[in-house]
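Reader: I would like to know how the terms used for this model are justified. Can you take me through them?

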Amino acid sequence: MASAAELNTKHGIAGVAEVVDGNGGLAKVAVTTSAASGEMYLQGGTVTSWKPAGADEVIFVSSKTKWDPACAIRGGVPVCFPWFGAKTGAQAGDKSAPAHGFVRARAWQLESIARRGELVVVNMFIENDEGTRKLWPASFRLTQRATFGAEMGMELVMTNSGDVPLRYEAALHTYFRVGDVNQVRVRGLDGVHYIDKVDSNRVKPQSGEVVITGETDRVYLNTAGTVELEDPAMRRRIHIAKENSLATVVWNPWAAKAKAMSDLGDDEWQRFVCVETCNVGDYAVTLSPSAQHSMKVIYSLALV
Ligand code: BG6
């Protein structure tokens, strides 16, 4: 695998987007423009920072992240693929299947870095190899295209490079940094039905805004519209506008579960909420040979 220095020579843009050794010696692209700063690791193709000019950091990363090539980063925007959760969808019953798929705990490849005015676009991808075929016998290429600017864009592009149809789940498992999870409100899901994973997967209707008052693990169904995350403690609202995604997951582990997680500080559950742009469960994507699917999300900030 190429070193950060070699990748920087090939793809870096001096002073704007440089490939450097990040935590644990894992390579990352560090972006700095007048519009924003940000970071994206090759590990999992994971965005770990986005800070629009003049604003506080938007993305949460755990202080206890392992920064290990064999582990997912705890925080940032891990990519869940080709299944979501444990043993779901096409992988049901396979006990060796790692939770949330395998791409979040592998090194991706840096394809390109481009500057477009005040925007920086970073493309990373992962393809099938011998190791992935043992877990999922498919030929694929998955690209994460991250656009850093006053807004943050992510586009997950999946190509079926094999000769049989594929079915997969995908999630952009974004950890939003919040001032106090007790005070946050998630808007835009009123009336939507959700699967309550902390209540035997019962399907329930959402009434009003989502508030986090305990362990929360919900898959909101048939959600194409924009969701807003209001964070009074940080006096801001994060807009989450998506395309080609029909499910939204809202997750916070709360105190007890957080304590049991070795890669999360005991009190850190209060500092994030995951609002995930997904196609999971009944919304898994079927792709015929050579076909491509793109799931997109754009984050923007407003002060309140
Ligand atoms: C969420 C799931 O997306 O991710 C939860 O809905 C899960 O069920 C959480 O607990 C964290 O998963 P992991 O594998 O990163 O610990």
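Author: What follows sets values against cut-offs, one term at a time. The model is predicted.

Reader: What makes W83 and F102 an aromatic pair, and why is the pair called edge-to-face?

Author: Two values decide it. Rings pair if their centres lie within 6.5 Å, and planes over 60 degrees apart count as edge-to-face. A search of the whole structure finds 15 aromatic pairs. For W83 and F102, the centres are 5.8 Å apart and the planes make an angle of 70 degrees. The pair therefore meets both cut-offs and is edge-to-face.

Reader: What does this pair tie together?

Author: W83 and F102 each lie in the loop between β5 and β6, so the pair ties together parts that are 19 residues apart in sequence.

Reader: Are W83 and F102 buried or exposed?

Author: The cut-off for buried is under 20% relative accessible area. W83 has 1% relative accessibility, so W83 counts as buried. F102 has 4%, so F102 counts as buried.

Reader: Which residues do ring pairs link into a cluster with W83 and F102?

Author: The cluster also holds F81, W136, F140 and Y168. F81 has another feature: its peptide bond to P82 is cis.

Reader: How do you know that the bond from F81 to P82 is cis?

Author: Its omega is near 0 degrees. P82 is found in the loop between β5 and β6.

Reader: What makes R141 a charge over the ring of F125?

Author: The distance limit is 6 Å from the ring centre, and an angle limit of 35 degrees from the ring normal applies too. R141 is at 3.8 Å from the ring centre of F125 and lies over its face.

Reader: Why is strand β4 called largely enclosed?

Author: Six of the seven residues of β4 (residues 46-52) are buried, so the rest of the structure largely encloses this strand.

Reader: How do you know that β3 and β4 pair?

Author: At least two bridges are needed. Six bridges join β3 (residues 36-41) to β4, and the strands run antiparallel. The count therefore meets the cut-off. In this pairing, M40 stands opposite V47. The two strands form a hairpin, with four residues between them. G44 in that turn has a positive phi of about 70 degrees.

Reader: Which residues have a positive phi although they are not glycines?

Author: N201 is one of them, with a phi of about 60 degrees. N244 also has a positive phi of about 60 degrees. N201 is found in the loop between β14 and β15. N244 lies in the loop between β19 and β20.

Reader: Why is N201 called partly exposed?

Author: Exposed means over 50% and buried under 20%. N201 has a relative accessible area of 48%, so N201 falls in between and is partly exposed. N244 has 48% too, so N244 is partly exposed.

Reader: What makes H100, R104 and K197 polar contacts of the ligand?

Author: The limit is 3.5 Å between N or O atoms. A polar side-chain atom of H100 is 3.0 Å from a ligand oxygen. For an N or O atom in the side chain of R104, the distance to a ligand oxygen is 2.8 Å. For K197, a polar side-chain atom lies 3.2 Å from a ligand oxygen. Each value is within the limit.

Reader: How much of the ligand does the protein bury?

Author: Taken alone, the ligand exposes 390 Å², and the protein buries 83% of that. The residues surrounding the ligand include R74, F84, H173, D217, W251 and E276.

Methods
Residues numbered from 1 in each chain as written. Predicted model: local features only at pLDDT ≥ 70, side-chain atom pairs only at ≥ 80, totals over all residues. Heavy atoms only, no water. Buried < 20%, exposed > 50% of the residue type's maximum accessible area, 1.4 Å probe, protein only. Phe/Tyr/Trp six-rings, centres within 6.5 Å; stacked < 30°, edge-to-face > 60°. Near = heavy atom within 4 Å. Polar contact = N/O pair within 3.5 Å; in protein donor to acceptor, adjacent residues only side chain to side chain. Areas by Shrake-Rupley, 256 points an atom, 1.4 Å probe, with all protein chains shown as cover.
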